[in-house]
Amino acid sequence: MTAVPQTVAADPGERERLRRAWRTLSVVSMASVLTALGGSALNVALPQVVRQTHASADAASWILLAFQLTTTVLMVVFGRLADLFGRRAMYLGGLATYTVASLLAGLAPDAWIIVALRVVQAAGGAMLLTNSAALVTAAFPKSRLGEGMGVYTASFSIAQLAGPALGGLFTEHLGWRWVFWYNVPLGIACLVWGAVALRPGPPQGRDQGLDLSGNALVLACLGGLLLALSEVTRLGWGHPMVVSGLVVFAVTLPLFVVRELRARHPVVDIRMFRDLTFALGTLASFLNSTARVGVVLLVSLFYQAVRGEDPVSAAVKVLPLSIAAMGASVASGFLLRRLGPRTVAFAATSLTTAGLAVLLCLISPDLSLAALTTALVLIGVGSGMFLPSNTTAILDGVPSHRLGIVNAMRLMLQNTGVVVGTALVLSIITVPLPAGLHDAVFAGTLSHVSTTAVEQLVTGYRWALACMTAVSALAVLTCFTRRRTGSTVS
């Protein structure tokens, strides 16, 4: 009898799980586009916001840093709360908070009100970011997780692609307020679809309690450290704000460690860092974020402050990075199945480092578009490959009841890198300039001042890019070391 080839049919239960997984992914991806659009659009629109609101250099920096600081310090808190009370409720609450804060930010009368509303907006963003990768990991079977994670991270690349262009168009033709207002209809659409598509699920650990004192200590500890790091290069080590932040960090860190080691249900399980793979994975997230986060801001500000171009033209220059990142994110699912997440993460950080090195070597007032594009494509491909591969390497195999907190710890260090990287970039590029010209940099009008001032700013760019390249090289070393380790997180 001739053997008849059998077609392997997917189990009906497996098909239903995949259908629900893709619905969950669609919600998560829409919300990721929403939040990432806000950041990438604001990077390009910042000089216009500064001019229209008559913001100082301090206020300009804090419009960006307030969101990043708040998001970072709330990551672990919301990750734990999501494990306790359910990810769906936390996610929908985050969407509502982010949308309302965006509406109010567009109505703000001055820059410091914008800063305050960015804090509220960040609270909503923290609820979303903490739960996004955890929702995707819980929804997809292990064999398809790489595909889901690749599409999820591609959503950030889509936002990076569209955000600068939207930011430039809105500020040029509709006014800076629309940089916040366009979030409102998108946020409402995400909220409605999320309410329909996300299935209510039982909390993962309602009986485990909430470590309130641990939450308070992590907020104080991390907040003090990030405040000091974000201001030290601008204000100096002796400034009261910097000293206060470091004192708060130094006092609360040992208290936090002791508390978490003794707590029955710690908000941050410090023992997890005994697993070398987890520790190296989160370190790689921190270093990679610190190295690459300032690229879009640097390039868009370069073309406005150094070349005197409008926001739309500056936004177009950044597009190669976003296009490359989007393509690499989508392709990462295939690479993860063939090569494994650790190998892909190592290759990704190597590409990012190469791109930063190219930009460092070629940066000048006469930087050619071809040289810039080459560097941005390398950085974009590296970024697009790194996020899904590193996230998969950290979360794959983590029990469901630990996903929220493990993902929150990953994001906490990743976002700490974002804050540190942004703060250092904003500070370093202005170091060679007289203090009186700092406002002109963020307003995008430095090219109207003098050729000498432009040259000084480019020198600052070289210093910033040198730091970014060195940090990225450390990320390569971290990923290389992790390839030789095994995982024990449970």
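Where is Leu283 found? Hold that thought for a second, because I'd like you to have the picture open while we go through this. One thing before we start: what you're looking at is a predicted model.

Okay, so Leu283 is found in helix α10. Its relative accessibility is 36%, which means it counts as partly exposed, since that class sits between 20% and 50%. Now try finding Thr478 as well. Along the sequence, Leu283 and Thr478 are 195 residues apart, and yet their C-alpha atoms are 7.4 Å apart in space.

Let's zoom out with that in mind. The protein has 17 helices and 0 strands. Take the contacts between residues at least 6 apart in sequence: 84% of them join residues at least 24 apart. And of the 490 residues in the protein, 57% are buried.

So what's inside? The largest nonpolar core has 131 residues, and the members that touch the most others are Tyr91, Leu446 and Leu457. Which helix gives the most to this core? That would be α2, residues 57-85, with 18 residues. There's also a second core, separate from that one, with 10 residues, including Ala284 and Leu387.

Let's stay with Leu446 for a moment. If you skip its neighbours within four places in sequence, Leu446 is in contact with Ala305, Leu433, Leu437, Ala440, Val441, Ala453, Val454 and Leu457. Keep Ala305 and Leu457 from that list in your head, as they'll come back shortly.

Now for helix pairs. When two helices pack, people describe them by the angle between their axes and the distance between the axes. We'll do three.

Pair one is α2 with α4, which is residues 111-139. Their axes come within 7 Å and cross at roughly 30°. An angle under 35 degrees counts as roughly parallel, so α2 is roughly parallel to α4. The crossing of α2 past α4 is right-handed. If you sort the residues of this contact by class, you get 20 nonpolar, 6 polar and 2 charged.

Pair two is α3, residues 87-105, with α7, residues 183-197. Here the axes come within 9 Å, and the crossing angle is roughly 165°. Over 145 degrees counts as roughly antiparallel, so that's what α3 is to α7. This crossing is left-handed. On the α3 side the contact includes Arg88, Leu92 and Tyr98, and on the α7 side it includes Asn183, Gly187 and Leu191. By class, the α3 and α7 contact divides into 10 nonpolar, 5 polar and 1 charged.

Pair three is where our two residues return. Helix α11 is residues 295-305, and its axis comes within 12 Å of the axis of α17, crossing at roughly 170°. That makes α11 roughly antiparallel to α17. From α11, the contact uses Val295, Leu298, Leu301, Phe302 and Ala305, and from α17 it uses Leu457, Val458, Tyr461, Leu465 and Met468. There are Ala305 and Leu457 again. What classes do these residues fall into? The split is 10 nonpolar, no polar and no charged.

While we're on α11, how many of its residues are buried? It's 11 of 11, so α11 is mostly covered. Look at who's in there, though: among the buried residues are Ser300 and Gln304, along with Val296 and Tyr303.

Let's move along α17, which covers residues 451-482, and stop at Ser472. Is Ser472 buried or exposed? Buried: its relative accessibility is 2%, and anything under 20% gets that label. Leaving out residues up to four places away in sequence, Ser472 touches Ala291, Thr349, Thr352, Thr353 and Leu356.

Last stop, and this time we leave the helices. Ile270 sits in the loop between α9, residues 240-262, and α10, residues 276-292. At 24% relative accessibility, Ile270 counts as partly exposed. What does Ile270 touch, once residues up to four places away are left out? The answer is Phe256, Val257 and Glu260. For Glu260 we have a distance too: Ile270 and Glu260 are 10 residues apart in sequence, with 7.1 Å from C-alpha to C-alpha.

And since the loop leads us to α10, we're back at the helix that holds Leu283. Have a look at it on screen, and then let's take questions.

Note on methods: Residues are numbered from 1 along each chain as its sequence is written. This is a predicted model: local features need pLDDT of at least 70, side-chain atom pairs count only at pLDDT 80 or more; totals for chains, interfaces and linings use all residues. Side-chain values use heavy atoms; hydrogens and water are left out. A nonpolar core is a set of buried Ala, Val, Leu, Ile, Met, Phe, Trp, Tyr and Cys residues joined through side-chain atoms within 4.5 Å. Buried means under 20% relative accessible area, exposed over 50%, partly exposed in between (1.4 Å probe, protein chains only). Helices (H or I, at least four residues) and strands (E, at least two) are DSSP runs, numbered from the N terminus. Contact means heavy atoms within 4.5 Å. Axes are lines fitted to C-alpha atoms, for helices over the stretch in contact, and angles run from 0 to 180 degrees between N-to-C directions. Angles under 35 degrees count as roughly parallel, over 145 as roughly antiparallel, 65 to 115 as roughly perpendicular and the rest as oblique. A crossing is left-handed if the near helix is turned anticlockwise from the far one by less than a right angle, and right-handed if clockwise. Ala, Val, Leu, Ile, Met, Phe, Trp, Tyr, Cys and Pro count as nonpolar, Asp, Glu, Lys and Arg as charged, and the others, Gly among them, as polar.
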